[in-house]
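This report describes a protein from its overall architecture to selected residues. The sequence and the structure are shown below.

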Amino acid sequence: MPYTYMGSMKARPGHRDDVVAILLSGIHSLPAEGCSSYVVSVSDTDEDTIWVFEIWQTKGHHDASLQLPEVKEAMSKAMPMLTGEFTSQELTVVGGLGR
């Protein structure tokens, strides 16, 4: 069954769009790493909150992606622009529409 990760992060005021750009900068390589869906969204009610929704072939694929040099570099660029407020949820896909 596919592995799903959903999380939110709060950007420091004025940095949301910069963090979003970093999160979206390497998405073209994700399918080859086992990712079938990677969606970055911004909150309509909180101008500093960013949501990320990911679907991977397995949890192992997701975990391995976090060790990629480009992912580590992106995380190190984004971290100073974040407040440290994060939420996360691991899910199992049981049905629906899409990949």
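How many helices and strands does the protein have? The protein has 3 helices and 4 strands, where helices (H or I, at least four residues) and strands (E, at least two) are DSSP runs numbered from the N terminus. The model is predicted, with local features requiring pLDDT of at least 70 and side-chain atom pairs counted only at pLDDT 80 or more, while totals for chains, interfaces and linings use all residues. Residues are numbered from 1 along each chain as its sequence is written, and side-chain values use heavy atoms, with hydrogens and water left out.

**Overall form**

Along the sequence, the elements follow the pattern β-α-β-β-α-α-β. The C-alpha trace spans about 40 × 30 × 20 Å along its principal axes. The radius of gyration is 13 Å, in agreement with the value near 13 Å expected for a compact globule of 99 residues; this radius is taken over C-alpha atoms, and the globule rule is 2.2 Å times the number of residues to the power 0.38. Among contacts with a separation of 6 or more, 72% join residues 24 or more positions apart, a contact being heavy atoms within 4.5 Å.

**Surface and charge**

The protein exposes about 6,300 Å², of which carbon and sulfur atoms supply 58%; accessible areas come from the Shrake-Rupley method with a 1.4 Å probe, and for residues only the protein chains shown count as cover. Of the 99 residues, 31% count as buried. Buried means under 20% relative accessible area, exposed means over 50%, and partly exposed lies in between (1.4 Å probe, protein chains only). The mean positions of the 7 positive and 13 negative charges are 3 Å apart. Lys and Arg count as positive and Asp and Glu as negative, without His and the chain ends; the place of a charge is NZ of Lys, CZ of Arg, CG of Asp or CD of Glu.

**The nonpolar core**

The largest nonpolar core (buried Ala, Val, Leu, Ile, Met, Phe, Trp, Tyr and Cys residues joined through side-chain atoms within 4.5 Å) has 13 residues. M9, V19, L23, V40 and I50 have the most contacts inside this core. Two or more core residues come from each of β1 (3–11), α1 (16–24), β3 (49–56) and α3 (69–78), and α1 gives the most, with 4 residues. Leaving aside residues up to four places away in sequence, V40 touches V20, L23, L24, I50, W51 and V52.

**Selected residues**

The table lists the location and relative accessibility of four residues.

| Residue | Location | Relative accessible area |
|---|---|---|
| S37 | strand β2 (residues 35–42) | 18%, buried |
| L91 | strand β4 (residues 82–92) | 30%, partly exposed |
| P80 | loop between α3 and β4 | 56%, exposed |
| L68 | loop between α2 (59–65) and α3 | 16%, buried |

Which residues does S37 touch, not counting residues up to four places away in sequence? S37 touches F53, E54 and I55 under that condition. With the same exclusion of residues up to four places away, L91 touches P2, Y3, T4 and M6. The C-alpha atoms of L91 and I55 are separated by 9.2 Å, with these positions 36 residues apart along the chain taken as their sequence distance.

P80 and V19 are 61 residues apart in sequence, and their C-alpha atoms are 9.7 Å apart. L68 and T83 are 15 residues apart along the chain, with a C-alpha separation of 24 Å.
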